[in-house]
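User: Hello! I am new to this structure and would like to get to know it through a few questions. Could you walk me through it?

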Amino acid sequence: MIYHQELPRERLPVIVVGTYSELSKSTVANLISDAGGLPERSLLIADEVYATGAEVYRRILRGDFCYRPGLSATPIRSYDEEGTGIVLGYFGGIVYEFILEDAIAAGILCEYDYYVYVAALSEEEHEKF
């Protein structure tokens, strides 16, 4: 373990790379706490940012991350207003959108046909979903 008194005076930047499931474990939070928190101007880059709104991953959303870009094609959590609010609040809302039509026009995505099939779910299936 790292303890406050063993840290160098100068707090150098730290890079932590991991999955949401690994970074949300209490052992990681304890390690960061034992180190006296994150260095000033710490950066969190969250890919598929909507996942951080899940209750199990919210531990990652630390207040000592100064910079917080979140990336996702779908930042809104379906059927989870609370989780969506946490994501948008923590990351500062949606600051840039590149809509599907623009991506196709720019040649980043190809045109495709999109078919929607509606299926009714039972109450039990909906709860499980």
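User: Which residues have the most contacts inside the largest nonpolar core?

Analyst: Happy to help, and please keep in mind that this is a predicted model. In soluble globular proteins, nonpolar side chains tend to be buried together. The largest nonpolar core here has 13 residues, and those with the most contacts inside it are Leu-44, Tyr-90 and Phe-91.

User: Which helix gives the largest share of this core?

Analyst: The largest share amounts to three residues. They come from the stretch 81-91, which is helix 3.

User: Are Tyr-90 and Phe-91 buried or exposed?

Analyst: To count as buried, a residue needs a relative accessible area under 20%. Tyr-90 meets this, and so does Phe-91: both are buried.

User: Which residues does Phe-91 touch, leaving aside those up to four places away in sequence?

Analyst: Contact here means heavy atoms within 4.5 Å. With those sequence neighbours left out, the partners of Phe-91 are Leu-44, Ala-46, Val-49, Thr-52, Leu-61, Arg-68, Pro-69 and Gly-70.

User: How many aromatic pairs does a search of the whole structure find?

Analyst: A pair of aromatic rings is described by the distance of the centres and the angle of the planes. Searching the whole structure gives this number of aromatic pairs: three.

User: How are the rings of Tyr-90 and Phe-91 arranged?

Analyst: Their centres are 5.0 Å apart, and their planes meet at 80°. Planes over 60 degrees apart count as edge-to-face. The pair of Tyr-90 and Phe-91 is therefore edge-to-face.

User: What sits over the ring of Tyr-90?

Analyst: Look for a charged group 3.9 Å from the centre of the Tyr-90 ring. What sits over this ring is the charged end of Arg-68.

User: Is Tyr-114 buried or exposed?

Analyst: The ring of Tyr-114 pairs edge-to-face with that of Tyr-112, with centres 6.5 Å apart and planes at 70°. Tyr-112 is partly exposed at 45% relative accessibility. The relative accessible area of Tyr-114 is 66%, so Tyr-114 is exposed.

User: How many disulfides does the structure hold?

Analyst: A disulfide is a covalent bond between the sulfur atoms of two cysteines. Cys-66 is partly exposed at 47%, while Cys-110 is exposed at 58%. The number of disulfides in the structure is zero.

User: Where does Ser-24 lie, and which residues does it touch beyond four places away in sequence?

Analyst: Ser-24 is in the loop between helix 1 (20-23) and helix 2 (26-34). Its relative accessibility is 8%, so Ser-24 counts as buried. Beyond its sequence neighbours, Ser-24 touches Val-56, Tyr-57, Arg-59 and Ile-60.

Definitions and conventions:
Residues numbered from 1 in each chain as written. Heavy atoms only, no water. Core = buried A, V, L, I, M, F, W, Y, C linked by side-chain atoms within 4.5 Å. Buried < 20%, exposed > 50% of the residue type's maximum accessible area, 1.4 Å probe, protein only. Helix = DSSP H or I, 4+ residues; strand = E, 2+ residues; numbered from the N terminus. Disulfide = S-S within 2.5 Å. Phe/Tyr/Trp six-rings, centres within 6.5 Å; stacked < 30°, edge-to-face > 60°. Lys NZ or Arg CZ within 6 Å of the ring centre and 35° of its normal.
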